[in-house]
Amino acid sequence: MSNVAEQREQFAALFTRPLHKDVASSVTTLGGQPALELRKAAPGADVLLYFHGGGFVVGSARVNAHLTAALLRHLDGRALSLDYRLAPEHAYPAAPDDCLAAYRELLDSGVDPRRLVIAGDSAGAGLVVVTMMRARDAGLPMPAAAVLFSPAVDLTLSGASMRSKDGVDPIFVPAALEWLFEQYANGGDRSAPELSPIFGDLAGLPPLLIQVGSSELLLDDAVRLAGRAGADEVEVTLEVVPRQPHVFQLDDSSPEASAALERAGRFLATHLQAAHQEA
């Protein structure tokens, strides 16, 4: 493995895309950590909270901002993408602590949870699930809905796709995921629900949309998460897109990515509208 700083630079160079001219961006602070705020002209009251991916070790709010902006197109409001602290400098529980603090600050600032949605990719999608579980346990209201792109929710790597998709996944081998997850867990019990929410209680979570590519090592993370959510009486939609890699939505030249982001944005908008009508 090259050093972590080099990995972060390479990840940023590979995935950062320019933002569309109709989206304004600014750096702010949320929950005590830096965040990137995206706004459209004359935004309304909707708020999207986004947690970026990168295996808990690389990535940033800016790298994945084009995903955040694609979802924001369907909302009447603004988006905030959090730069939560990264491992190995800041191992668990730094990231979920930052994410819950961000969620709590939005509520404390007066954001209506019925106008709040949350999304994330990969490790960030796992943090979305953990944040909602923590918020539920703290007695905080749930957001209107959540979108999860290729969620990393089993840090024990016990899914069958870790073997069946080894050599098919064009991005990862199991050893690479093992290294990333160990930096984050830092010797902790990776089967604990706060590290691997696939093993947690998902009851009371809002409607979920889970998107995953069929070529992923993490395919079974998504499939089992959907099953667990359904068993816990959570409304859940699972989309498995054939022959697509991990977080395929990042490829802004891909028709499959564009279509998936369109469906995800409509999902959030539909649930925001439904929650607003019920108010």
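Let me start with the term: a salt bridge here is a side-chain nitrogen of Lys or Arg within 4 Å of a carboxyl oxygen of Asp or Glu. By this rule the count comes to 18 salt bridges. One caution before we go on: this is a predicted model. I'll come back to the charged pairs once the fold is in place.

Start with the sheet. It is open, it has eight strands, and its pairing is mixed. The order across it is β1-β2-β4-β3-β5-β6-β7-β8. Which strands are the edges? They are β1, residues 24-30, and β8, residues 236-241, and each of them pairs on one side only. From one strand to the next, the twist averages 20 degrees.

Now the β1 end. β1 and β2, residues 33-39, run antiparallel, and seven bridges join them. To place the register there, take T29: its bridge partner in β2 is P34. Then there is a helix on the sheet. Helix α8, residues 255-278, packs there and touches β3, β5, β6, β7 and β8. Its direction makes about 165 degrees with that of β6.

Next, strand β3, residues 46-51. How many of its six residues are buried? Six of the six. The side chains split two ways. D46, L48 and Y50 point one way, while V47, L49 and F51 point the other. Both sets are buried.

β3 has a partner on each side in the strand order. Take β4 first, residues 77-82. It runs parallel to β3, with six bridges between them. V47 has R78 as its bridge partner in β4. Together with helix α2, residues 65-72, these two strands make a right-handed β-α-β unit. Now take β5, residues 116-121. It also pairs with β3 in the parallel sense, over five bridges. Here L48 stands opposite V117.

Back to the charges. Side chains of opposite charge can pair when their charged atoms come close. Three pairs are worth a look.

Pair one is R115 with D46. Their closest N and O atoms are 2.6 Å apart. What does this pair tie together? R115 lies in the loop between α3 and β5, and D46 lies in strand β3, so the salt bridge links parts that are 69 residues apart in sequence. Buried or exposed? Both residues are buried.

Pair two is E239 with R263, at 2.9 Å, N to O. E239 is in strand β8 and R263 is in helix α8, so this one ties together parts 24 residues apart in sequence. The two ends differ in cover. E239 has 17% relative accessibility, so it counts as buried. R263 is partly exposed, with a relative accessible area of 29%.

Pair three is E262 with R266, at 3.6 Å, N to O. This one sits within helix α8. The two residues are four apart there, so about one helical turn separates them. E262 is at 28% relative accessibility, so it counts as partly exposed. R266, at 44%, also counts as partly exposed. There is a network as well: salt bridges that share partners join E37, R39 and R78. You have met R78 already, as the bridge partner of V47.

Last stop: S161 and L219. S161 lies in helix α5, residues 161-164. How much of S161 is accessible? Its relative accessible area is 1%, and the cut-off for buried is under 20%, so S161 is buried. Its side chain reaches the backbone oxygen of L217 at 2.6 Å. Leaving out residues up to four places away in sequence, S161 touches D166, E216, L217, L218, L219 and D220.

That list includes L219, so look from the other side. L219 is found in helix α7, residues 219-231. At 12% relative accessibility, L219 counts as buried. Its contacts, with the neighbours up to four places away left out, are S161, K165, V212, G213, S214 and V240. One more distance. L219 and Q244 are 25 residues apart in sequence, and their C-alpha atoms are 10 Å apart in space.

To recap. The sheet is open, with eight strands. All six residues of β3 are buried. The R115 and D46 salt bridge ties together parts 69 residues apart in sequence. And S161 and L219 touch each other. That's it from me.

Note on methods. Residues numbered from 1 in each chain as written. Predicted model: local features only at pLDDT ≥ 70, side-chain atom pairs only at ≥ 80, totals over all residues. Heavy atoms only, no water. Buried < 20%, exposed > 50% of the residue type's maximum accessible area, 1.4 Å probe, protein only. Polar contact = N/O pair within 3.5 Å; in protein donor to acceptor, adjacent residues only side chain to side chain. Contact = heavy atoms within 4.5 Å. Pairing = 2+ DSSP bridges. Right-handed = clockwise from strand over helix to strand, strands pointing away. Axes fitted to C-alpha atoms, helices over the stretch in contact; angles between N-to-C directions.
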